[in-house]
Amino acid sequence: MNFYLEIIAVLTGIFSVWLAKKENIYLYPVGIFSVVAWLYLCWVGQIYSQAIINLFFFIMNVYGWYNWNRKDNNNNKEIHIKFNSLKENFFYTIIALILTFIIFKILSNTEVDNYNHYYILIESFITSLNFIAMWLMAWKRVDNWVLWIIGDFFCIPLYFFKGYYISTAQFSIFIIIAFLGYFEWKKKALKSQNIL
């Protein structure tokens, strides 16, 4: 059962990220389906912070779907692809460090006994990056792709260790799509600013 659910979660996850790369709003309903499957898989696999991430992803998929659909008084999209400012990047870096520390402290007290602190720290770091990346994606910030690349890179050993080998391959594919998404969104952002 879990094997087939993992395949479905992987395929819908990859498709969702591909749709995000294309700035296609259907990434959100596909993403909702995928994260519900992941929430279950992570919970039964005792990757609790990843289960929390997927619960947050569910909420952010609903919010992102709403946010990307918003129109101004002239019926034009309100949210456009753009870059974070240097000040915003500094702010999100501080938030990532604080979140990592808080999540690490929480998980250190609740994770199962055979989980060592190294994996808890990786989980905490990934969780904080993914929280911020999902928020930035909902606001169409180019910088979200950088955080996905870093987070996915750290997910590979975490999921491999837990025996989710298909997921390990998925995160490798995510990294490739995230690089493509970064360059595609960067080009759109520069074009909208008349830099290209």
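Lys21 turns out to be buried in this predicted model, with a relative accessible area of just 5%, under the 20% cut-off for that label. Its partner is Glu184: the two side chains form a salt bridge, and the closest N and O atoms are 2.5 Å apart. That pairing reaches across the chain, since Glu184 belongs to helix H7 (residues 165-192) and Lys21 to helix H1 (residues 2-21), 163 residues apart. Glu184 also forms a salt bridge with Lys22, here with the closest N and O atoms 4.0 Å apart. Lys22 sits in the loop between H1 and helix H2 (27-44) while Glu184 lies in H7, so this pair ties together parts that are 162 residues apart in sequence. Lys22 counts as partly exposed, because its relative accessibility of 41% falls between the 20% and 50% limits.

In total there are 7 salt bridges. Another one joins the side chains of Lys77 and Glu23, at 3.7 Å from N to O. This pair, too, links distant parts of the chain: Lys77 is in the loop between helix H3 (48-69) and helix H4 (86-110), Glu23 is in the loop between H1 and H2, and 54 residues separate them. Lys77 is partly exposed at 36% relative accessible area. Glu23, at 19%, comes out as buried because the cut-off is 20%. Through shared partners, salt bridges join Glu23, Lys77, Lys140 and Lys188 into one network. As for the backbone, Lys140 follows helix H5 and has a positive phi, near 55°.

H5 itself (residues 117-138) passes a simple length check. At 1.5 Å a residue its 22 residues should span 32 Å, and its end C-alpha atoms are indeed 32 Å apart. The helix is mostly covered, with 17 of the 22 residues buried. H7 does just as its length suggests: 28 residues at 1.5 Å each should span 40 Å, and the end C-alpha atoms are 40 Å apart. Buried residues in H7 include Phe171, Phe174, Ile175, Ile177, Trp185 and Leu190, along with the likes of Ser167, Thr168 and Gln170. After H7 comes Asn194, whose phi is positive, near 60°.

Now for the nonpolar side of things. The largest nonpolar core has 56 residues, and Met137, Trp145, Trp148 and Tyr159 are the ones with the most contacts inside it. Elements giving two or more residues to this core are H1, H2, H3, H4, H5, helix H6 (144-161) and H7. H5 gives the most, with 12 residues. Tyr159 is worth a look for its partners: setting aside neighbours within four places in sequence, Tyr159 is in contact with Trp38, Cys42, Ile47, Gln50, Tyr164, Ser167, Thr168 and Phe171. Among these, Ser167, Thr168 and Phe171 are buried residues of H7. In soluble globular proteins, nonpolar side chains tend to be buried together.

That leaves the pockets. The largest pocket holds about 200 Å³ of space. Its lining has 15 residues, and those nearest its centre are Tyr92, Thr93, Ala96, Leu129 and Leu147. H4, H5 and H6 are the elements that give two or more residues to the lining of this pocket. H4 provides the largest share, 6 residues.

Technical notes: Residues numbered from 1 in each chain as written. Predicted model: local features only at pLDDT ≥ 70, side-chain atom pairs only at ≥ 80, totals over all residues. Heavy atoms only, no water. Helix = DSSP H or I, 4+ residues; strand = E, 2+ residues; numbered from the N terminus. Expected span 1.5 Å × (residues − 1). Buried < 20%, exposed > 50% of the residue type's maximum accessible area, 1.4 Å probe, protein only. Core = buried A, V, L, I, M, F, W, Y, C linked by side-chain atoms within 4.5 Å. Contact = heavy atoms within 4.5 Å. 1 Å grid on protein atoms, 1.4 Å probe; cavity = no way out; pocket = protein on both sides within 12 Å on 5 of 7 lines; lining within 4 Å. Points joined across faces, edges and corners; volume = space filled by probe spheres on them.
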